[in-house]
Amino acid sequence: MLLPDRDGLHHPSTEDEVRELIGWARRRGMPLRVRGTGHSVDPAILASDGLHVALDRLDGVEFDDARMQVTVQGGRRLGGNPRDRNGRSAVESGLCWALEQRGWALPVTAGVTHQTVAGFLMTGSAGGSRRHALTEQVVGLRLIDGNGDVHDLRAGDDAFDAVGVSMGLLGVVTAVTLQCVERFDVEGEERVTSAEELDGAEALLRENEYARAYWWPQRGVDRLAVWTARSIPGPPAADARPYRLLPEIAGSMTPAQAFAGTAIGAVCRTGRWNRGFAALYNAFLPDGEQQSFRDAWWRILPQDDELDERFFDSTWCELWLPAERTEDAIARLREHYRTGGVAATGAYTLEIYAAPPSRFWMSPGYGRESTRLNVCWHERSRGDPRECYFPQFWSLLGDLDFRMHWGKHRFSDPARAAAHARAAHPRLPDFLELRGKMDPDDVFLSDYWREQLGVSGARRTQPPAERNGRAPRIAGSPGRRWPLPFKLRPSDAGFGERAPFVIDVQERLDAPAEAIFDGIVNLTGARDWLPDFVRARWVAGPNERGEQLVEETFKFMSQRVRTFLAEPGRHWMASIDACTLPLGRELMEDLELEPLPGGGTQVRWRYYYDPYPVLRPIRPLLHKEFDKMLRLSLRQLDEHLADRPAPGPDSPATRAGSASPAQPPAGR
């Protein structure tokens with residue numbers, strides 16, 4: 001099976017590899033989730049015990065000149081992704097750039113183009129226009145469902161209308177076909193004005209081809225940044241005037257962003273409001289300030305592409321209301337902000353924009369024109385916005401028939417979330433019926449989506465056994481999953497000769513070699529013998545060669561261990577590819593087992609390592625401590641195994657990467 005990269009994600013480069021991953025997850029009862037740019041909230045993308053896939057190597061593009069259509073594989077991004085450092089996500093690698101070079105365009109994009117094409121569609125995202133929607137340009141979808149079947153869907157199919165916005169719950173979208181238009185420029189203006197202009201918010205959104213407003217409702221500020229624009233067909237203007245999010249200093253917006261973001265973040269951290277803060281915000285939003293712009297569609301429409309998330313670290317809850325309820329919602333918000341103080345306004349902003357009706361069943365805009373209220377929360381603010389901030393807007397606007405963006409924050413209470421989904425989405429029963437057919441084994445259904453959609457039944461706590469008796473899963477308590485910020489050089493067997501240092505532990509144990517191998521490699525019973533062990537999560541494998549990858553969590557650290565050699569009962573070698581602690585530039589484990597005459601096993605357990613130079617002064621101390629820990633682990637493993645019956649020759653423990661179905665292995 002395709003093993004994950006060092007980032008813990010599987011990166012298939014063909015549809016066959018996608019199907020193999022789906023089959024692997026289905027046989028083990030694991031949810032499979034696809035991660036694009038990570039623009040949505042984590043629970044909407046990931047599963048705590050899931051197999052996670054990135055489609056960045058499925059990024060091909062094909063053009064149909066006769067129809068002016070483009071078919072783009074699901075991992076292709078719309079634009080560039082500044083957070084991606086793998087060299088595959090420059091602006092020139094994005095779909096928008098490719099269309100511009102051909103003289104084509106998309107009639108609208110979102111505020112940012114970091115997302116993958118498939119990821120953008122799956123959550124029902126939209127741009128700032130009542131007249132255009134990227135979802136309405138979709139004419140074809142290619143999807144691999146939970147059975148491994150491939151579907152080529154076209155507009156007009158019921159399944160097409162279900163898959164178009166499906167949160168990854170019907171399958172993996174491997175390609176999207178979009179109807180393009182002739183390229184165009186976008187011309188418009190942005191002006192700072194009083195919030196009194198919100199009395200005409202519905203007209204603003206309806207009468208302008210592209211429009212949005214940022215409302216800063218804090219006491220002493222209460223201003224709008226209103227952005228409006230229209231398309232200008234034809235070639236690029238000779239005198240382009242780019243849109244500037246903030247003023248440039250020495251040809252760069254970074255200094256202004258750093259100053260503004262740091263200042264706003266400092267206000268957010270206080271959780272308070274005073275005249276000084278109002279004066280600060282007004283300095284960034286001078287009343288009457290205006291800029292005009294004209295530039296290529298792909299540079300102007302994603303207005304926030306140049307927003308540096310290092311300084312404006314934000315999260316959102318986006319409510320889609322029927323367009324006819326716009327004025328009512330604005331009036332309620334104005335009164336709420338006026339009387340509620342900083343607890344109501346927060347220290348950040350509210351974005352107002354629009355969307356046309358959508359044909360896709362689960363789109364927040366299904367069957368109606370919408371006004372969207374994007375409630376923004378700065379991540380430097382105190383508290384959890386799902387508890388201390390967003391709920392007030394859910395209550396305030398609760399009777400206005402709002403729907404919620406699938407990729408942003410939603411109700412955390414499962415009963416309320418499911419009830420709201422049933423009431424807000426009339427085609428939800430049809431969607432769930434189709435989901436049962438396309439994913440009968442719940443390959444794509446995480447606990448989060450089970451709760452949000454009210455899907456009955458609990459996910460299996462044990463995966464179905466495979467033909468060879470394996471049932472790899474999770475060992476230990478759920479515990480905390482530590483991040484793995486330190487990426488090490490991947491090791492191979494040759495590192496044993498190159499490594500400058502080695503911890504070499506040799507012990508004679510009374511236990512048989514097969515049981516020792518099963519304990520150390522599969523971590524069977526590890527909480528009883530391995531010091532400070534918390535849990536281990538099987539990420540991938542084992543394949544037919546015993547190659548596998550697991551994330552191990554201890555009380556003081558986590559590490560990702562990749563097996564590259566497995567001879568059951570004899571020899572095991574593994575590379576430590578990532579860790580929470582800067583233990584070294586390269587680490588490798590080497591376990592050798594030799595059965596002894598009359599019983600027992602000679603164990604040789606080695607850790608080869610290349611430490612960072614900064615650790616050299618304390619290396620002898622660390623070496624001694626890890627040597628002591630390995631010896632203690634072996635003694636405690638021997639004692640643990642002495643209390644258990646030895647595995648017989650046909651026991652699953654004697655097979656690589658296996659353990660008794662009564663206790664599935666961690667999968668190391």
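This briefing describes strand pairing, one helix packing arrangement and the internal cavities of the structure. The model is a predicted one. Its four cavities have volumes of 30 Å³ or more, and the largest of them holds about 380 Å³ of space. An open sheet of five strands and the pairings of strand E12 are also set out below.

**Open sheet of five strands**

- The strands follow the order E3-E4-E8-E6-E7, and their pairing is antiparallel.
- Strand E3 (61–64) and strand E7 (150–154) form the edges, since each pairs on one side only.
- From one strand to the next, the twist averages 15 degrees.
- Strand E6 (residues 138–144) runs antiparallel to E7, and five bridges join the two.
- Within this pairing, Leu-143 has His-151 of E7 as its bridge partner.
- Helix H1 (residues 15–28) lies across E6, E7 and strand E8 (172–179). The angle between H1 and E6 is about 55 degrees.

**Strand E12 and its partners**

- Strand E12 spans residues 223–233 and is mostly covered, with eight of its 11 residues buried.
- Strand E10 (residues 184–194) pairs with E12 in the antiparallel sense over 11 bridges. In E12, Ala-225 is the residue opposite Val-192.
- Strand E11 (residues 210–216) also pairs with E12 in the antiparallel sense, over seven bridges. Here Thr-228 in E12 stands opposite Ala-211.
- E11 and E12 make up a hairpin in which six residues separate the two strands. Gly-220, located in the turn, has a positive phi of about 90 degrees.
- As background, strands of a sheet pair through backbone hydrogen bonds, in either a parallel or an antiparallel sense.

**Largest cavity**

- The lining of the largest cavity comprises 28 residues. Closest to the centre of the cavity are Ile-503, Leu-583, Tyr-607, Phe-626 and Met-629.
- Elements giving two or more residues to this lining are strand E22 (548–554), strand E25 (586–595), strand E26 (601–610) and helix H20 (619–642).
- Helix H20 gives the most, with seven residues.
- By residue class, the lining of the largest cavity contains 21 nonpolar, three polar and four charged residues.

Definitions and conventions: Residues numbered from 1 in each chain as written. Predicted model: local features only at pLDDT ≥ 70, side-chain atom pairs only at ≥ 80, totals over all residues. Heavy atoms only, no water. Buried < 20%, exposed > 50% of the residue type's maximum accessible area, 1.4 Å probe, protein only. Helix = DSSP H or I, 4+ residues; strand = E, 2+ residues; numbered from the N terminus. Pairing = 2+ DSSP bridges. 1 Å grid on protein atoms, 1.4 Å probe; cavity = no way out; pocket = protein on both sides within 12 Å on 5 of 7 lines; lining within 4 Å. Points joined across faces, edges and corners; volume = space filled by probe spheres on them. Nonpolar A, V, L, I, M, F, W, Y, C, P; charged D, E, K, R; others polar. Axes fitted to C-alpha atoms, helices over the stretch in contact; angles between N-to-C directions. Contact = heavy atoms within 4.5 Å.
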